[in-house]
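Visitor: Got a minute to walk me through this one? I'd like the contacts, briskly.

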Number of protein chains: 2
Amino acid sequence: MNKRQVSSEHHHFPWDHPRFRSWIAVARACQLMQQTLTRRLAHLDIKPPHLDILVNLYRFEGISQQELARKLLVGRSNMSMLLPQLEKRELIERRSDARDKRVLRLSLTPTGRTLTEEAMEIQTALIEDSHGGAPIEDCMKIAESMERMIAILLKEDRELS
Amino acid sequence: MNKRQVSSEHHHFPWDHPRFRSWIAVARACQLMQQTLTRRLAHLDIKPPHLDILVNLYRFEGISQQELARKLLVGRSNMSMLLPQLEKRELIERRSDARDKRVLRLSLTPTGRTLTEEAMEIQTALIEDSHGGAPIEDCMKIAESMERMIAILLKEDRELS
DNA sequence: ACCATAATGTTCAATCATGAACATAATTGT
DNA sequence: ACAATTATGTTCATGATTGAACATTATGGT
């Protein structure tokens, strides 16, 4: 059915659109995934936002707070609130850059690295579990679709700044 | 040992797993979608959580707060916080059920209905935009995958209650 | 009928995320 | 060189979400 026809008809509801239904499913799956991950991480005393940070520090040693915030699609102020907590727990370190005195370079402590590895195991296991043995090719196609969407949405983002 | 070392059979880092990368993409897409939707709804003075509520009231007239919370995968207390706001703005009504004096039956006011229709247009348009003309069949496959995941995760949910 | 249990909704304190306003440091244009 | 602009990080007030404790009402077992 044609998009234009659909949107000009009288008796159609958003939830009758395949794209709409599909997107609702994606959103609900994300929500559930977050909640389940929160439960499974509870015994490590970290939450999904912390894990996101730790994984990125694991991957990109020496990243700045700004870069980190951009990768995570959150505000800088969010990092300013969360990172000192992780620093107090001695999971991460913040050292100021000699060249640019504005930036703080982030890295994991040995303790933080160990914790991150444990947490990543949990996350990976959850992702495997929740996929229930679905074929890898499906995953790849989903990833493609999502990355296209991300590109489109980021473009809109940048256009209004 | 080289961090970047990856065998074709065994993935050493989470981000080398197709499922992991795919899931990260899904999560980021959701995040961006929420942020964009928040911006596009701003002039109506509602946010995505409010829209979720309104759409469900549009669809399921007379639903209770408990049922609504279950559909939205949020806590009952969340509804107790948000619904009075919408009621004060005269977008919804809450009438107590005669048969069961515990439950409050929810419905949209005419104003609320109109606002909901406007907001749903915006949401539908955003979903269409962000998909960038991807084929409907891809959407359907994604929906299937997500619904399978939702089923699996809900099962785990119920098992520990 | 009666007591125990479950279901529904509210309140409250705690936590998370955000944007605006701010301070400091770097960069650019002239 | 210097003023204007941009970039980085912090602080603060605000709003969203949660879970626990609570009050009220239904339901079930005896």
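Guide: Ground rule before the contacts: a polar contact is a pair of N or O atoms within 3.5 Å; within protein, one must be able to donate a hydrogen and the other to accept it, and residues adjacent in sequence count only if both atoms are side-chain atoms. This is a predicted model, where local features need pLDDT of at least 70, side-chain atom pairs count only at pLDDT 80 or more, and totals for chains, interfaces and linings use all residues. Residues are numbered from 1 along each chain as its sequence is written, chains are lettered from A and ligands numbered from 1 in the order in which they are written, and side-chain values use heavy atoms, with hydrogens and water left out.

Visitor: OK. What does the side chain of Arg76(A) do at DNA strand D?

Guide: An N or O atom of that Arg76(A) side chain sits 2.5 Å from a base nitrogen of DNA strand D.

Visitor: Which other residues have polar atoms by strand D?

Guide: Among them is Arg94(A), with a side-chain N or O atom 3.2 Å from a phosphate oxygen of DNA strand D. Another is Arg102(B), where a polar side-chain atom is 3.4 Å from a sugar or linking oxygen of that strand.

Visitor: How many residues are around DNA strand D?

Guide: There are 23 around DNA strand D, and Gln66(A), Arg76(A), Ser80(A), Leu104(A) and Lys101(B) come nearest. Near means that a heavy atom of the residue lies within 4 Å of the strand. By class they split into 6 nonpolar, 10 polar and 7 charged. Here Ala, Val, Leu, Ile, Met, Phe, Trp, Tyr, Cys and Pro count as nonpolar, Asp, Glu, Lys and Arg as charged, and the others, Gly among them, as polar.

Visitor: Backbone or bases? What share of the strand D atoms is sugar or phosphate?

Guide: Of the DNA strand D atoms within 4 Å of the protein, 56% belong to sugar or phosphate and the rest to bases.

Visitor: Which element supplies the largest share of that surface?

Guide: H4(B), with 5 residues. Helices (H or I, at least four residues) and strands (E, at least two) are DSSP runs, numbered from the N terminus. Helices H4 (65-72) and H5 (76-88) of chain A, plus H2 (48-59) and H4 (76-88) of chain B, each supply at least two residues near DNA strand D.

Visitor: Now strand C. Which residues are closest?

Guide: Lys101(A), Gln65(B), Gln66(B), Arg76(B) and Ser80(B) are the closest of the 23 that surround DNA strand C. A side-chain N or O atom of Ser80(B) is 2.7 Å from a phosphate oxygen of this strand. For Asn78(A), a polar side-chain atom lies 3.4 Å from a phosphate oxygen of strand C. Arg99(A) uses a polar backbone atom, 3.5 Å from a phosphate oxygen.

Visitor: And which element gives the most there?

Guide: H5(A) has the largest share of the surface near DNA strand C, 4 residues.

Visitor: Switching to protein on protein. How much do chain B and chain A bury?

Guide: About 6300 Å² between them, 66% of it on carbon and sulfur atoms. Buried area is the accessible area (1.4 Å probe) that two parts lose on being put together, summed over both. The contact (heavy atoms within 4.5 Å) takes 66 residues from chain B and 64 residues from chain A.

Visitor: How many salt bridges between the chains?

Guide: The count is 10. The term means a side-chain nitrogen of Lys or Arg within 4 Å of a carboxyl oxygen of Asp or Glu. One of them joins Arg19(A) and Glu128(B), 3.2 Å from N to O.
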